[in-house]
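Reader: I'm new to this one. Could you take me through a single part of it, slowly, and say what your terms stand for?

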Amino acid sequence: MKIRTRFAPSPTGFMHVGNLRTALYEFLTAKHEDGTFVLRIEDTDQERYVEGATDVIYNTMKLAGLTHDEGPDIGGDFGPYVQSERLDLYKPYAEQLVKEGKAYRCFCTKERLASLRENAPEGTVVGYDRHCRDLSEEEINKNLEAGIPYVIRQKMPLDGVTTYNDLVYGEISFPNADLDDQILLKTDGYPTYNFANVIDDHTMGITHVVRGSEYLSSTPKYNLLYEAFGWDIPTYIHLPLIMGKTIDEEGKEVVSKLSKRHGSTGFMDLVNEGYLPEAIINYIALLGWAPEGTEEIFTLDELIRLFDITRISKSPAVFDYDKLAWVNAEHIKRMSEEEFLKSAKPYYDEAGITSENYALLDELLKPRITKFNEITDKLSFVKDFTEFDLSLFEHKKSKSTLETSKQMLELAVPVLEDTPWEREALTEAMKSLAEAQGVKNSVVMWPVRIAAAGVAVTPGGCSEVMLLLGKDESMRRIKESLARL
RNA sequence: GGCCCCAUGGUCAAGUGGUUAAGACGGCGCCCUCUCACGGCGCAAUCAGCGGUUCGAAUCCGCUUGGGGUCACCA
């Protein structure tokens with residue numbers, strides 16, 4: 001049987017890397033076996049609906065490369081793929097369970113439920129007291145006629161244990177007595193998340209339910225539902241959570257399940273910060289899973305090929321920006337010249353770089369940037385040339401002093417004037433000058449670079465800096481710097 | 001608090017009874033070098049604790065401790 005997985009986000013307008021990682025593993029689980037990946041939008045919560053949120057989901061999935069085979073935007077044989085368009089579907093299923101005595105109508109008010117919770121003994125949490133579980137036929141009819149709103153609750157077994165098998169966590173058992181009579185249908189007639197989930201997964205033929213391990217403890221309820229309907233229970237693959245670090249009131253570092261409060265962990269946030277979608281995908285693939293061998297840089301296609309459910313780990317993983325940055329840098333280094341230029345171009349334009357230097361910058365910048373937005377800073381010297389502090393000329397390691405700088409620049413100016421403005425020629429000219437003067441290369445190259453750039457740190461050496469500036473600008477700057485010495 | 005899950009360096013992790021306990025990020029040092037990177041080399045740093053089982057335990061079992069998750073007419 002062909003594997004079918006689904007990603008079922010709620011349109012809240014925000015997708016953090018935790019959700020994305022789940023989507024990724026769902027995608028990989030299906031695609032590794034040449035299965036089908038379904039996108040379903042779970043929008044049964046009318047109060048939390050956010051305008052335009054579904055577009056965020058589509059855009060994210062597209063950018064991340066997690067293309068779905070069926071979904072609201074492209075259709076499929078199991079539609080509709082938006083829960084709000086499936087509303088008529090759920091109620092009959094709930095009614096069926098009521099009829100079969102596996103569920104019941106509950107007329108308890110929210111206030112009563114609230115007071116139940118408030119009156120619970122200190123430090124404990126109590127569930128529903130099953131007040132309406134055994135209402136008489138007359139009482140039910142009376143309430144119904146009076147138009148009292150009701151929810152439909154599932155009857156949980158009062159004793160025994162429910163056991164299920166998870167592909168990553170193995171066999172897990174829960175005492176049934178701990179299970180609440182969960183609500184299936186709300187007073188507004190909408191299904192609850194859990195209920196809709198089961199109905200949808202079954203009717204959509206989902207074979208493998210891949211989700212975060214926070215669902216481990218509600219899975220028995222799901223299974224009891226599947227059993228109530230006599231449906232096959234899907235294969236479960238629960239994923240270790242991705243954790244974020246925060247600082248609490250006492251200044252202590254705490255880790256907890258990734259959420260909005262963990263700062264810029266939104267996929268779009270990261271992309272806007274300059275992380276490549278495929279690098280983000282690569283990195284989060286490694287949070288909770290490791291391939292055989294020691295290679296860590298992968299494309300999506302490689303991940304599809306290598307992904308192996310049995311290598312998913314059980315323990316939570318902390319999201320690490322440093323490692324993400326490294327992965328991003330590795331992806332940048334592997335980019336073709338064209339790809340790199342495409343991403344770098346906006347920053348080049350901003351820095352006043354012209355096309356004849358694109359190839360040079362490809363070489364210079366690739367090993368030097370972690371994110372593309374760093375280009376601005378790296379090339380700021382091209383545009384800005386201010387009266388820098390002359391002490392920059394003093395560099396112990398390069399054996400450069402104010403005096404030698406002046407000497408060398410005086411000698412370099414005429415040489416540079418007569419040198420073809422090419423990388424090799426410029427470098428050779430400076431080396432020859434140093435040799436002729438009997439000094440280390442650095443004694444001439446250091447001051448030339450500083451004089452031209454006006455800053456200590458540049459991407460590349462003196463020849464590259466002069467190349468980027470062009471002959472006129474370089475000579476102007478060097479002479480100006482020399483005049484100040 | 002009940003229930004459930006987890007436990008190898010600061011972080012991500014390999015490892016499935018016999019290894020000098022991989023690798024990566026980060027840190028530190030050295031080399032390369034006109035700066036900064038890249039690259040190369042090296043260093044520090046881990047099996048939470050205690051009991052078992054076994055000739056032998058990071059690997060199996062139990063307890064303890066620690067961490068996380070979950071207990072809504074939210075998803």
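Author: Sure, terms first: Ala, Val, Leu, Ile, Met, Phe, Trp, Tyr, Cys and Pro count as nonpolar, Asp, Glu, Lys and Arg as charged, and the others, Gly among them, as polar. You're looking at a predicted model, where local features need pLDDT of at least 70, side-chain atom pairs count only at pLDDT 80 or more, and totals for chains, interfaces and linings use all residues. Residues are numbered from 1 along each chain as its sequence is written, while chains are lettered from A and ligands numbered from 1 in the order in which they are written.

Let's go to the surface near RNA strand B. A residue is near the strand if its C-beta atom, placed from the backbone, lies within 6 Å of it. By that rule 69 residues surround RNA strand B, and the closest are Ser 10, Tyr 193, Ser 315, Ser 442 and Gly 461. Sorted by type, the residues of this surface come to 27 nonpolar, 24 polar and 18 charged.

Which elements supply them? Helices (H or I, at least four residues) and strands (E, at least two) are DSSP runs, numbered from the N terminus. Those giving at least two residues each include α4 (110-118), β6 (170-175), α6 (193-203), α18 (441-453) and α19 (462-469). The top contributor is α18, with five residues.

One of these contributors, β6, also has a partner: β5 (residues 161-166) pairs with β6 in the antiparallel sense over six bridges (strands pair if DSSP finds at least two bridges between them). Val 161 has Pro 175 in β6 as its bridge partner. Together β5 and β6 make a hairpin, with three residues between them.
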